[in-house]
Amino acid sequence: MARVSNWITKKRRLAIYLRDNFRCGYCGKGPDDGVVLSIDHIVAVASTGKAKKVSRYLITCCRRCNSRKRDRTMRVWYARLRDRYGMDIEPIRRRVARQRKRKMTRYLQQAEQHLSSSTSA
């Protein structure tokens, strides 16, 4: 049974997936690569003591990267990707920055349309 999380609405979750093209912001993999997607807090909840539900603080993330990142800061996470996994972090930094800058209005509208059409079918 899939775990249902209610800290974020279905609409906002889908909008973030749409904004990020259903790809992990860190490794770039998506469902067609066999990964399960989740949402990651770019600024870890553990470091702030509260959940930031603002979309610019959230990114699509595969469960593998989400588990590996845990509550690390982005600086520490990037260093870990580079040092431990041998990844070139510059494309990752650019992807995360680009995704954070995108305005959510369009994606929220698309998510609303999708959700309303799937409930009326």
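**Two loop residues and one helix**

Let's start in a loop. Asn21 sits between helix H1, residues 10–19, and strand E1, residues 37–41. Keep in mind that this is a predicted model.

What is the phi of Asn21? It is near 60 degrees, so a positive value, and Asn21 is not a glycine. How accessible is Asn21? Its relative accessibility is 51%, and because exposed means over 50%, Asn21 counts as exposed.

Now Phe22. Phe22 is also placed in the loop between H1 and E1. Phe22 is no glycine either, yet its phi is positive, at about 55 degrees. Its relative accessibility is 31%. The partly exposed class lies between 20% and 50%, so Phe22 counts as partly exposed.

On to helix H4. This helix runs over residues 74–83. Which residues of H4 are buried? Met74, Trp77, Tyr78 and Leu81. Why do these four lie on the same side of H4? Because they cover an arc of only 100 degrees around the axis. Here is the general rule. An α-helix has 3.6 residues a turn, so residues three or four places apart point the same way.

What about the other side of H4? There, Arg75 and Asp83 are exposed. So the picture for H4 has two sides: buried Met74, Trp77, Tyr78 and Leu81 on one, exposed Arg75 and Asp83 on the other.

Last point. What covers the buried residues of H4? The cover includes helix H3, residues 63–69. Helix H5, residues 89–101, is also part of that cover.

That's it from me.

Note on methods: Residues numbered from 1 in each chain as written. Predicted model: local features only at pLDDT ≥ 70, side-chain atom pairs only at ≥ 80, totals over all residues. Heavy atoms only, no water. Buried < 20%, exposed > 50% of the residue type's maximum accessible area, 1.4 Å probe, protein only. Arc of directions from axis to C-beta. Contact = heavy atoms within 4.5 Å.
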